[in-house]
Amino acid sequence: MIDDVAAALKQKDYKSAARHLKPLLHKCPGDPWVQLYLAQLHEASGKANQAEQVYLRLLKRTEAAKVVSQARLGLDRLKADAQAKRQEAIAQASADSSNTGNAFLVIEPIQGEARKPAAQAFAKIIGLDPYTAQLQLPSRGWKFYRIGKLAELQVYGEELLAAGIPAFWAGLDAMKAIRVFRVDYIQAVTPHQVTVICHTPEGQSGTLTFDWSEVPQVVKGALPIFEEVVDLDAFQKLKRKRQTQDYLQVYDIHLPGRNCLLRLCDRTYRFQQGVSFESNTGAAGAQPSAAQSSVRIRWNHLVQSIDRHIPAASVRRTDFNSFANTAIDLLDLVEPFDANVEVLRREPSQWDRAFHLYSCIAFLYQSK
């Protein structure tokens, strides 16, 4: 009967092969040839995952040289077939005029028992060994994983999602289309509405009024400010090194209905104008007391007040630093874009670009 299965598979008569194979699976399920033909039947029926599992099991458990050789050939066919399907999917995605340009692929955190099966699926899709794949999967914040063509990353992202790995991709053009208004100060606040004085990156000033209910998300970040300092090394010789001297506080308010975000920065916000958040009155133009004169105290009051007005259901993203640690080294590969962060630096910092990228990716993620 085993010869009947082989003959049916050779003739591509998969219905007969399944009929002949069924009693053999009950009678001698551990026979390596029975398992090999089962894997080949799965493969021919388009059940790639089941076929792969049987082939891998055969490689681990059988010593029959011919069976091992056939199992390896089967795995090679499955790999080649998956690659061909991926290239076809990329070609189809590339044909869509909306899938042009460069993009970013972001992987969301995976925790607990879900990590092991996710790592196995990730290894298969990306082409890594399971141990390395598990190390590359994030466990806390978003991971900025790859830069490439939008059509290609869309296909990889869809494969990851299908395998249960949360992923998100966004195009650089979509990111650049988000308008950024840098807030000079808040002119007026009510329980339902706020008016801000702001300006565009080109320097054009204006007034913008919006309802708090329009805000589904805010993003906070602390960007390091570096200074060159002189220190003594182990041999008591002077040397220059770069140290973090302070942090720039940035707060983004997202308005997806208007395809824009409002960016507040503690170094450029005009605390002497507009609403004073240091007092409980909220009166425009009120001056803070001497005890509350520091920028940090004023900034904390400002952020706390905005947080109280933001709807409770809004997302508050505060894990920028974990994202930045995965993105900094890759940003040199990204085509230039304006960070839209107003801070006087001795030289441009990738931290500014990383925050703008993070906020825009969060904007697009929330709007999808």
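In this predicted model, His199 has Ser205 in strand 6 as its bridge partner. That contact belongs to the pairing of strand 5 with strand 6 (residues 205-211), which is antiparallel and runs over seven bridges. The two strands form a hairpin with five residues between them, and in the turn Gly203 has a positive phi of about 100°.

On another side of the pairing scheme, strand 5 is joined to strand 4 (residues 179-189) by six bridges, again in the antiparallel sense. Ile186 stands opposite Val196 of strand 5, and a hairpin of three residues joins strand 4 to strand 5. Is strand 5 mostly covered or mostly open? Of the seven residues in strand 5 (residues 193-199), six are buried, so that the strand counts as mostly covered, where buried means under 20% relative accessible area.

**Nonpolar cores**

In soluble globular proteins, nonpolar side chains tend to be buried together. The largest nonpolar core here has 39 residues, and those with the most contacts inside it are Phe104, Trp142, Phe144, Phe320, Phe323, Leu357 and Ile361. Several elements each supply at least two residues of this core, among them strand 1 (102-107), strand 7 (217-232), strand 8 (238-255) and helix 11 (320-327). The largest share of the core, eleven residues, comes from helix 12. A second core of 28 residues is separate from this one, and its members include Val194, Cys198, Leu264 and Phe271.

**Salt bridges**

Side chains of opposite charge can pair when their charged atoms come close. The model holds 13 salt bridges, and three of them are set out below.

| Salt bridge | Closest N to O distance |
|---|---|
| Lys220 and Asp307 | 2.7 Å |
| Arg267 and Asp246 | 2.6 Å |
| Asp266 and Arg267 | 3.9 Å |

The salt bridge between Lys220 and Asp307 links distant parts of the chain, with Lys220 in strand 7 and Asp307 in helix 10 (residues 295-309), 87 residues apart. Lys220 has a relative accessible area of 24%, and because this value is not under 20% and not over 50%, Lys220 is classed as partly exposed.

The salt bridge between Arg267 and Asp246 also links distant parts of the chain, since Arg267 lies in the loop between strand 9 and helix 10, while Asp246 lies in strand 8, 21 residues apart. Both partners are partly exposed, Arg267 with a relative accessible area of 42% and Asp246 with one of 32%. Asp266, which forms a salt bridge with Arg267, counts as buried at 4% relative accessibility. Which residues are joined into one network by salt bridges that share partners? The network consists of Asp246, Asp266, Arg267 and Arg296.

**The largest pocket**

The largest pocket has a volume of about 1,400 Å³. It is lined by 36 residues, of which Asn49, Glu52, Ala121, Lys124 and Ile125 are the closest to its centre. Helix 4 (48-61), helix 5 (65-95), helix 6 (115-126), helix 7 (130-136) and helix 8 (150-162) each supply at least two residues of the lining. How do the lining residues divide into nonpolar, polar and charged, and how many belong to each group? The lining has 18 nonpolar residues, eight polar residues and ten charged residues.

Key: Residues numbered from 1 in each chain as written. Predicted model: local features only at pLDDT ≥ 70, side-chain atom pairs only at ≥ 80, totals over all residues. Heavy atoms only, no water. Core = buried A, V, L, I, M, F, W, Y, C linked by side-chain atoms within 4.5 Å. Buried < 20%, exposed > 50% of the residue type's maximum accessible area, 1.4 Å probe, protein only. Helix = DSSP H or I, 4+ residues; strand = E, 2+ residues; numbered from the N terminus. Salt bridge = Lys/Arg side-chain N within 4 Å of Asp/Glu carboxyl O. 1 Å grid on protein atoms, 1.4 Å probe; cavity = no way out; pocket = protein on both sides within 12 Å on 5 of 7 lines; lining within 4 Å. Points joined across faces, edges and corners; volume = space filled by probe spheres on them. Nonpolar A, V, L, I, M, F, W, Y, C, P; charged D, E, K, R; others polar. Pairing = 2+ DSSP bridges.
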